[in-house]
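Me: Could you walk me through how a few pieces of this fold pack together? I'd like the cut-offs along the way.

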Amino acid sequence: MISLNNYLNKTVSSAPLAVFRIGFGIMMFLGIVRFWSYGWIEKLYIEPQFHFTYYGFEWVRPLGDYTYLLFAICGLSALMVAIGYKYRIAIILFFLSFTYIELMDKTTYLNHYYFVSVLSFLMIFLPANRFYAVDCYAFAKAYKYIPRWTIDSIKLLICIVYFYAGLAKINTDWLLRAMPLKMWLPSKYDLPVFGSLMQEAWIPYAMSWSGMLYDLSIPFLLIFRKTRWLGFLLVVVFHVLTRILFPIGIFPWVMIVSCLIFFEPALHKKIIRILKKLLSPIASWYGRKRKIHLVNVYRTRRARPLYVFLALFLSVQILLPWRYLLYPGELFWTEEGFRFSWRVMLMEKMGYAQYRIVNGQTGESFLVDNSDFLTSFQEKQMSFQPDFILQYAHFLGDHFKAQGHENIEVYVDSYVALNGRLSQPYINKNVDLYKIKESFQHKDWILPFNDEIKGL
């Protein structure tokens, strides 16, 4: 207990957290601008007539044309976070708007979006605006030192992402069959320099093994001072390479910028000195209005409840990825407990799902053309994910019931191919999905996987 109290009372320079806040805010702002400029707001949230919602968050829906306003709030709040203006309000707004956006349709789920939501939630409780921030002018003071746990909590979150991503790669498909990289890399033949290399048979194996070793070792390389620069160099090389090979948006840049927080304060002070020079005209204008008093140490208010709350929050992050152990069957096949567990690009699934609407009394039936209700992207994601298949079945049942059809039963004839295997029947086609309610219970209407993938 004494050692824990000693740790909680330790302080560290506030510069790393300030640089992290700036980098995070800028990355998020650019991410929103990029999303908007590509027309994805219209394409993903406004055009589709149906959206796949998360269990328990069915009430989170796109807001029509006001969805643009939601993105504007998200982008503006990210910019406010970056400059440290009304930081607490800004980071809360960012977390709420960003998370709302991600909850609107799980078709767009990506691990790094979840990472941003989790990280921005943590940042609500961190004093990231107490040094080199516009808020310092409002408070008329800045702090040289902040509690060490504030920076360590971000480091822990980053370590969880990398280490769990590495653990997830310890499976026979990834290491012994080099799947799914063996399917993806040959299609990169048109890449300059790397294109011909991607055709080599040994490359998928080399990348699979090195990817696993990279994810598992990066947290330790970044934590220790002697290996930190090597770890950061590997972070840059790995994420630039993945950015070249795969369309994963701004995630590589977010991770590169985030990993700077592992460095000593001297580096962050140097970054801030550079920023001060670049922004000196603006800072001088503010400085004339109000001087800032530099205080030594920032003390956390209502510390004990906050410690307990954040300890619970971080414990959830550590335990949640293991919830798949509560379900029977192959994780990659059933996907029960797959999301929110840092399993990044581990599988390639292709599916086919043909729905049949049946009158339970007369036996009359007809087939559904999925393109009448779903975009091609939604149909692709629906075809191999059980919770999507169930939710869509209920949508179809409700839709045709509203049209006057009676005694509705909904069945699906589906096949899925996983990581290059031949496709096999996926859902029990004799089960009326319209009668099944979504829950956290095991979906026993998913047919067994006719193979075995050993590993974590």
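Here are some questions and answers on helix packing, strand pairing and one loop residue.

Reply: Before we start, this is a predicted model, where local features need pLDDT of at least 70, side-chain atom pairs count only at pLDDT 80 or more, and totals for chains, interfaces and linings use all residues. Residues are numbered from 1 along each chain as its sequence is written, and side-chain values use heavy atoms, with hydrogens and water left out.

Me: How are α2 and α4 oriented to each other?

Reply: Helices here are DSSP runs of H or I with at least four residues, and strands are E runs of at least two, numbered from the N terminus. The axes of α2 (residues 15–37) and α4 (residues 67–83) come within 7 Å and cross at roughly 155°; axes are lines fitted to C-alpha atoms, for helices over the stretch in contact, with angles from 0 to 180 degrees between N-to-C directions. Under 35 degrees counts as roughly parallel, over 145 as roughly antiparallel, 65 to 115 as roughly perpendicular and the rest as oblique. So α2 and α4 are roughly antiparallel.

Me: How do the residues of the contact of α2 with α4 divide into nonpolar, polar and charged?

Reply: Contact means heavy atoms within 4.5 Å. On the α2 side the residues include R21, F24, G25 and W36, and on the α4 side they include Y68, C74, G75 and I83. Ala, Val, Leu, Ile, Met, Phe, Trp, Tyr, Cys and Pro count as nonpolar, Asp, Glu, Lys and Arg as charged, and the others, Gly among them, as polar. The split is 17 nonpolar, 2 polar and 1 charged.

Me: Which residue of β2 is the bridge partner of V12?

Reply: Two strands pair if DSSP finds at least two bridges between them. β1 (residues 11–13) and β2 (residues 141–147) run antiparallel, joined by 3 bridges. β2 also pairs with β3 (residues 293–297), in the parallel sense over 4 bridges, with Y145 opposite V297. As for V12, the partner in β2 is I146.

Me: Which are the edge strands of the open sheet?

Reply: That antiparallel sheet has 4 strands in the order β5-β4-β6-β7. β4 (residues 349–359) pairs with β5 over 3 bridges, and I357 stands opposite F366. Pairing on one side only marks the edges: β5 (365–367) and β7 (424–425).

Me: Is G56 buried, partly exposed or exposed?

Reply: G56 is in the loop between α3 (40–46) and α4. Buried means under 20% relative accessible area and exposed over 50%, with partly exposed in between (1.4 Å probe, protein chains only). G56 has 45% relative accessibility, so G56 is partly exposed.
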